[in-house]
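Here are some exercises to help you find your way around a new structure. Try each task by yourself, then walk through the solution.

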Amino acid sequence: MALEFEQPIIELEARIRELREYADSKDVDLSDEIALLEQKLEKLQKEIFGGLSRWQRVQLARAPGRPTTLDVVEKVFADFIELHGDRTFADDPAIVAGLARFRGKSVVVVGHQKGKTTKENIHRNFGMPHPEGYRKAMRMMDMADRFGFPFVSLIDTPGAYPGVSAEERGQAWVIAQSIQRMGRLRVPAIAVVLGEGGSGGALAIGVGNRVLIMENAWYSVISPESCAAILWRDAAQAEEAAEALKLTAHDLRELGVVDRVVPEPGGGAHRHPDRALRELEAALAEELEGLEALGPGELLADRYRRFRAMGAVKIEPAG
Amino acid sequence: MALDRLFRRRRTRGGGRDVPELWLKCPSCEAQVYKKDLEANFMVCPQCGHHFRMGVRERVQMLADEDTFSETTGRVHPQDPLRFSDTEPYSERLSRYQQKTGRPDAIYGGTCTIGGVPSLLLAMDYAFAGGSMGSVVGEEIARGAEQAAAEGRALVIVAASGGARMQEAALSLMQMAKTTMALDRLWEKRLPYVSIMSDPTTGGVTASFAALADVILAEPGALIGFAGPRVIKQTIRQDLPEGFQRSEFLLQHGMLDRVTPRSELKAVLAQILGLLHPEGVRNDGA
């Protein structure tokens, strides 16, 4: 399924494909024409993707076909084994957690999980965790600390689930605890915003020494729809809210909220997931390598410095 | 985020300093209460015990030992990093709240003793943008925790907030991590932190520093939770159970230590700090 603004790209791609098939079947040489069209395609992609509005990026972040946590653990990591349960109440399918290898070394991975079909999405609660999900995440943070493995989190949630049972079981408490637990990790921690970074439910696993974001992902205090419903009293103003929230990867890089934007070549991770994931792998490798030199105390101090500096204030000198 | 209640009641609700109403109607028992009587009773309805929202100065006056308070807040000023504008530019909203409250942002506090225990007391101001947490609130809380740790003080924070401030977007969200991590300065020094949740304590404030105290007290009947009731109602498309997300409900579910009426708050707080703080422990109250 393509988004409206991608239509010209899709059409051009189809033409190139047709030409190729024609050339093959009739055994004629059309390579010059094809090369020309491919150049045109690249230019068109640059044009369209260079000028995307924030709201269009939000749509890309939600596009079906975008790599989810399970895609990442399969393609970027090796030897992944999923581990289940919070040891208290239940297993939350909206958060996936486990052990894996990255470039030969053991790591702990935790991420929000959305479904690819409606049925799957219902099972995964659309990537909106209950308290159990965050308790499972904290268990995994403990494990990373105990064995001295790096901790990698993958963020992709519209937000923590706003429901009666979630409130009864302390949604706010577990999010706070998970933020605290991750802040206390004595091992390298890297958070990657894969798709949607919705509010506290995202930040709960977002307290990394480094925070990376995919080029077409978003991360903010609230979704554009909810923001519009509250501030404009009209959820239909989401487009305007998305602009106001400055929630894209490049905005966040400028605000200092993220450290690195991972490119999604060829028109977005939903269309070329493998290319985007190769970029992610390279970025993760570089960032992890940079953190390996730091000892536990330095990692704690580094993380505190990073988050302590967040915000925009003007401070009057003491007088 | 439970910010849905912030801006709606601005005009219809009194309580602003510029509207000197002599009588107030208690939203709980509907009795007409003389405002002076209400103030003398710490803004608790003399008829039914309903806890009205309380101004931050009055709050500090009520909790700090007499003549010990010295303000530390007020020097950190908000910016408008996103040049945010919804139905009104954020910068104008800020000026309006600053004029209304006489303070730069939604937090007020300083050093004092509480029951003789050296403390750093911060109160969130619901009258300023619904007590929402942006960069200034986050910064003051982080500074408060750091100063308390450096000076051997207990930290006490009175929460009254709809959550993180939307107009500073991701930067507000980051304050949740900043405040949470700053609390660890106290942990390292074995200094106590008591969180007092008043009406309302929701969203990113509950889901960060407010929920992470050694002891959590709540005022009776306060709305406390993560998501706002309206959002939950929309999600589940059912009416919410009676008393849902009120202090008593949270106590029952194990999220709080005690629900404490305002009239007892100072005494209970002093007792807890006396038992936890090294100075109180040494002195044995004698």
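**Exercise 1. Get a feel for chain A: how many helices and strands does chain A have, and what is its radius of gyration?**

Solution. Keep in mind that this is a predicted model.
- Step 1: start with the elements. Chain A holds 14 helices and nine strands.
- Step 2: check the size. The radius of gyration of chain A is 21 Å, and the globule rule gives 20 Å for 319 residues; the two are close, so chain A is as compact as a globular protein of that length.
- Step 3: look at the extents. The C-alpha trace of chain A covers about 70 × 50 × 50 Å along its principal axes.
- Step 4: look inside. In chain A, 51% of the 319 residues count as buried.
- Step 5: see how the sequence folds back on itself. Take the contacts in chain A between residues at least 6 apart in sequence: 70% of them join residues at least 24 apart.

**Exercise 2. Zoom in on strand β1 of chain A: is Ala78(A) buried or exposed? Then work out which residues have a positive phi, there and in the loop that follows.**

Solution.
- Step 1: place the residue. Ala78(A) sits in strand β1 (residues 78-82) of chain A.
- Step 2: count neighbours. Ala78(A) has 12 C-beta neighbours inside 10 Å, and exposed means 12 or fewer, so Ala78(A) is exposed.
- Step 3: find what it touches. Leaving out residues up to four places away in sequence, Ala78(A) is in contact with Ala100(A) and Arg101(A).
- Step 4: compare two kinds of distance. Ala78(A) and Leu30(A) are separated by 48 residues in sequence and by 41 Å in space, C-alpha to C-alpha.
- Step 5: check the backbone. Most residues other than glycine have a negative phi. Asp79(A), also in strand β1 of chain A, goes the other way with a positive phi of about 65 degrees. Asp79(A) is partly exposed, with 13 other C-beta atoms within 10 Å.
- Step 6: move on to the loop between β1 and β2 (95-102) of chain A, where Arg87(A) lies. Phi of Arg87(A) is positive too, near 65 degrees, and the residue is exposed, with 10 other C-beta atoms within 10 Å.

**Exercise 3. Over to chain B: which residues of helix α3(B) are buried, and which exposed ones sit on the face turned away from them?**

Solution.
- Step 1: size up the helix. α3 (residues 90-101) of chain B has twelve residues and spans 16 Å from first C-alpha to last, close to the expected 16 Å.
- Step 2: pick out the buried ones: Tyr90(B), Leu94(B), Tyr97(B) and Thr101(B). Down the axis of α3(B), they fall within an arc of 70 degrees, so they line one face of the helix.
- Step 3: turn the helix around. Glu92(B), Ser95(B) and Gln99(B) are exposed on the face turned away from the buried side.
- Step 4: ask what the buried residues of α3(B) pack against: it's β4 of chain B.
- Step 5: go past the end. Gly102(B) follows α3(B) and has a positive phi, near 75 degrees.

**Exercise 4. Trace the open sheet of chain B: what is the order of its strands, and where is the cis peptide bond in β8(B)?**

Solution.
- Step 1: read the order, β3-β5-β6-β7-β8-β9-β10 (chain B), seven strands with mixed pairing.
- Step 2: find the edges. β3 (70-71) and β10 (258-259) of chain B each have a single partner strand, so one side of each lacks a neighbour in the sheet.
- Step 3: step inward from β3(B). Two bridges tie it to β5(B), running antiparallel, with Glu71(B) opposite Gly110(B).
- Step 4: go to β8 (residues 193-201) of chain B. Nine of its nine residues are buried, so this strand is largely enclosed by the rest of the structure.
- Step 5: follow Ile196(B) both ways. Val158(B) stands opposite Ile196(B), and Ile196(B) stands opposite Leu217(B) in β9(B).
- Step 6: spot the cis bond. It joins Asp199(B) and Pro200(B), with omega about -10 degrees, and Pro200(B) is in β8 of chain B.

Notes: Residues are numbered from 1 along each chain as its sequence is written. Chains are lettered from A and ligands numbered from 1 in the order in which they are written. This is a predicted model: local features need pLDDT of at least 70, side-chain atom pairs count only at pLDDT 80 or more; totals for chains, interfaces and linings use all residues. Helices (H or I, at least four residues) and strands (E, at least two) are DSSP runs, numbered from the N terminus. The expected span of a helix is 1.5 Å times one less than its number of residues. A residue is buried if 20 or more other C-beta atoms lie within 10 Å of its own, exposed if 12 or fewer, and partly exposed in between; C-beta atoms are placed from the backbone. The arc is that of the directions from the helix axis to the C-beta atoms. Two residues are in contact if their C-beta atoms, placed from the backbone, lie within 7 Å. The radius of gyration is taken over C-alpha atoms; the globule rule is 2.2 Å times the number of residues to the power 0.38. Two strands pair if DSSP finds at least two bridges between them.
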